[in-house]
Amino acid sequence: MLNVGSLKEGFVLDHIQAGKSMDIYNYLGLDKLDCQVAIIKNAKSNKMGRKDIIKIECSLDVINLDILGYIDHNITVNIIHDRSIVEKKQLMLPKTIKNVLKCKNPRCITSIEQELDQIFILTDKTKEIYRCRYCEEKYSNL
Amino acid sequence: MRHLISPMDFSVEELDELLNLATDIENNPNKYKDACKGKKIATLFYEPSTRTRLSFEAAMINLGGNVLGFSSSASSSVAKGESVSDTIKMISCYADICAMRHPKEGAPLVASTKSSIPVINAGDGGHQHPTQTLTDLMTIKSLKGRLDNLTIGLCGDLKFGRTVHSLINALVRYTNIKFVLISPSELRIPSYIREEVLEGNNVPYKEVTHMEDALPDLDILYMTRVQKERFFNEAEYIRLKDSYILDNEKMTLASKDMLVLHPLPRVNEISVEVDEDPRAVYFKQVQYGVYVRMALILTLLDIHIN
């Protein structure tokens with residue numbers, strides 16, 4: 001078993017779908033943070049067969065985890081303080097997503113306006129539909 | 001400070017108040033002739049428009065105010081690469097209120113977040129055109145006497161037709177409204193309007209491809225132009241542009257009190273012969289557009305005339 005040291009303070013993101021950890025690394029902007037990050041790929045899991053895990057050693061206020069609810073709400077987020085799990089965060093779909101998704105509508109003002117925040121708003125919770133705040137175009141992964 | 005970006009920015013009660021004010025302006029124009037003395041409207045038109053821009057300018061002049069602005073992006077600092085945010089901050093220093101038309105969807109919303117004066121969306125791409133909606137509502141209310149219990153046929157380009165999207169958004173809030181959506185399959189109403197606005201509000205609608213089938217049931221026929229400027233592919237535009245043409249023969253299928261509205265400009269989707277039919281009210285609609293914009297300017301500037 002691969003051994004990665006325990007965290008003093010930070011987050012453990014568990015039950016990430018195998019192979020998706022680098023996507024999450026990028027979505028959370030971890031490449032821009034000056035902190036220790038361990039990415040474990042294809043770990044054995046009773047529940048999932050294989051899974052990815054990300055461990056992030058950082059203070060609790062530097063990462064906005066809301067986006068994880070959009071990416072995959074089955075991810076388990078353990079919040080670590082003084083080397084113990086102080087909270088298991090329940091992931092929910094965020095009401096707004098800022099500067100993570102990009103509007104693909106070529107007619108949208110976000111395609112030309114400099115330094116404009118890319119904002120998406122949850123308009124249908126059941127169907128998990130997000131729309132651009134400016135042009136109201138539905139976000140699609142395709 | 002209030003803006004008008006989407007037709008949903010006003011509640012039904014506020015819309016009623018605005019339409020009542022517009023009717024009072026229609027009946028007593030002299031009462032309002034100096035209401036905006038010393039005030040200026042900036043008309044920021046990044047794409048060509050005749051009636052909307054002139055309608056705003058006529059509205060402000062009728063209220064005793066002044067007008068400044070530009071009528072194409074080529075003649076403004078946009079040609080030098082200026083952002084909407086910077087333009088509106090600059091215009092806020094010159095004018096008391098502004099009307100913006102922009103080819104990019106959401107541009108007036110961006111402007112409203114940076115502006116220190118009220119911003120009116122005068123049309124943003126294929127998205128919204130709320131002052132045309134106010135015009136349409138005033139036309140229907142003035143000539144039909146109501147905004148509820150209506151069957152409304154929307155015909156033509158329902159995909160890119162922003163006036164259609166705005167009108168549906170506004171009308172679903174009234175009781176017993178039914179829609180008949182008449183378009184070629186390529187220009188159907190966008191799915192978000194169908195799913196979230198119509199089905200989301202339990203508003204009955206049907207989609208048809210033949211205008212003749214729908215005409216006998218309609219209280220209002222709202223015609224639209226297939227807009228060349230919304231197509232990236234010219235061949236596609238040419239194929240679809242003559243999908244629906246309303247003429248006197250088709251008008252015989254409609255009821256005697258059905259009204260024909262059109263946001264204008266028309267190209268050939270309504271034959272000129274129909275203009276003489278008393279049910280054709282699209283030029284009266286233009287006049288109502290001035291009254292309703294006068295009422296909107298007064299409301300957003302918080303000016304009250306007793």
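I take a residue as buried if 20 or more other C-beta atoms lie within 10 Å of its own, as exposed if 12 or fewer do, and as partly exposed in between. The model I am examining is a predicted one.

**Entry 1. Positive phi in chain A**

I looked up His15(A), which lies in strand β1 (residues 9-17) of chain A. Its phi is near 60°, a positive value in a residue other than glycine. I then asked whether His15(A) is buried or exposed. His15(A) has 16 C-beta neighbours inside 10 Å, so I entered it as partly exposed.

I turned next to Glu136(A), in the segment after β8 (129-132) of chain A. Glu136(A) also takes a positive phi, about 70°, although it is not a glycine. Because 23 other C-beta atoms lie within 10 Å, I recorded Glu136(A) as buried.

**Entry 2. Domains of chain A and the contact with chain B**

For chain A I noted domain 1 (9-89) and domain 2 (96-132) from the domain assignment. Their centres, taken over C-alpha atoms, are separated by 24 Å.

I then examined where the two chains meet. On the chain A side 15 residues are in contact, and on the chain B side 14 residues. The chain A side consists of six nonpolar, four polar and five charged residues.

**Entry 3. Overall form of chain B**

I counted eleven helices and nine strands in the secondary structure of chain B. The radius of gyration of chain B is 19 Å, close to the 19 Å from the globule rule for 306 residues, so chain B is as compact as a globular protein of that length. Along the principal axes, the C-alpha atoms of chain B fill a box of roughly 55 × 45 × 40 Å.

I recorded 45% of the 306 residues in chain B as buried. Among contacts in chain B with a separation of 6 or more, 77% join residues 24 or more positions apart.

**Entry 4. Domains of chain B**

I found chain B divided into domain 1 (7-128 + 289-300) and domain 2 (130-285). The centres of these two domains of chain B are 25 Å apart, taken over C-alpha atoms. The contact between them takes 21 residues from domain 1 of chain B and 19 residues from domain 2 of chain B.

On the domain 1 side, the elements that give two or more residues are α1 (12-27), β4 (119-124) and α11 of chain B. I asked which element gives the largest share of that side. It is α1(B), with six residues. By class, the domain 1 side has twelve nonpolar, seven polar and two charged residues.

**Entry 5. Helix α11 of chain B**

I checked the length of helix α11 (residues 282-300) of chain B. At 1.5 Å a residue its 19 residues should span 27 Å, and I found its end C-alpha atoms 26 Å apart, which agrees. The buried residues of α11(B) include Tyr288(B), Val292(B), Arg293(B) and Leu298(B). Just after α11(B), I noted a positive phi of about 60° at Asp302(B).

I also examined the loop between β9 (259-261) and α11 of chain B, where Pro265(B) is placed. The peptide bond from Leu264(B) to Pro265(B) is cis, with omega near 5°.

**Entry 6. Nonpolar cores**

I recalled that nonpolar side chains tend to be buried together in soluble globular proteins. The largest nonpolar core here has 96 residues, and those touching the most other members are Ala22(B), Cys98(B), Met294(B), Ala295(B) and Ile297(B). The largest share of this core, nine residues, comes from α11(B).

I followed the contacts of Ala295(B), not counting residues up to four places away in sequence. On that basis Ala295(B) touches Leu18(B), Leu21(B), Ala22(B) and Ile25(B). I also noted a second, separate core of 13 residues, which includes Leu7(A), Ile24(A), Ile54(A) and Leu68(A).

**Entry 7. Ser71(B)**

I located Ser71(B) in the loop between β2 (66-70) and α3 (84-91) of chain B. Ser71(B) is partly exposed because it has 18 other C-beta atoms within 10 Å. I asked which residues Ser71(B) is in contact with, leaving aside its neighbours within four places in sequence. They are Phe45(B) and Arg53(B). Finally, I noted that Ser71(B) and Thr50(B), 21 residues apart in sequence, are 9.1 Å apart in space, C-alpha to C-alpha.

Terms used: Residues numbered from 1 in each chain as written. Chains lettered and ligands numbered in written order. Predicted model: local features only at pLDDT ≥ 70, side-chain atom pairs only at ≥ 80, totals over all residues. Contact = placed C-beta atoms within 7 Å. Nonpolar A, V, L, I, M, F, W, Y, C, P; charged D, E, K, R; others polar. Domains from an automatic or database assignment. Helix = DSSP H or I, 4+ residues; strand = E, 2+ residues; numbered from the N terminus. Expected span 1.5 Å × (residues − 1). Rg over C-alpha atoms; globule rule 2.2 N^0.38 Å. Core = buried A, V, L, I, M, F, W, Y, C linked by C-beta atoms within 7 Å.
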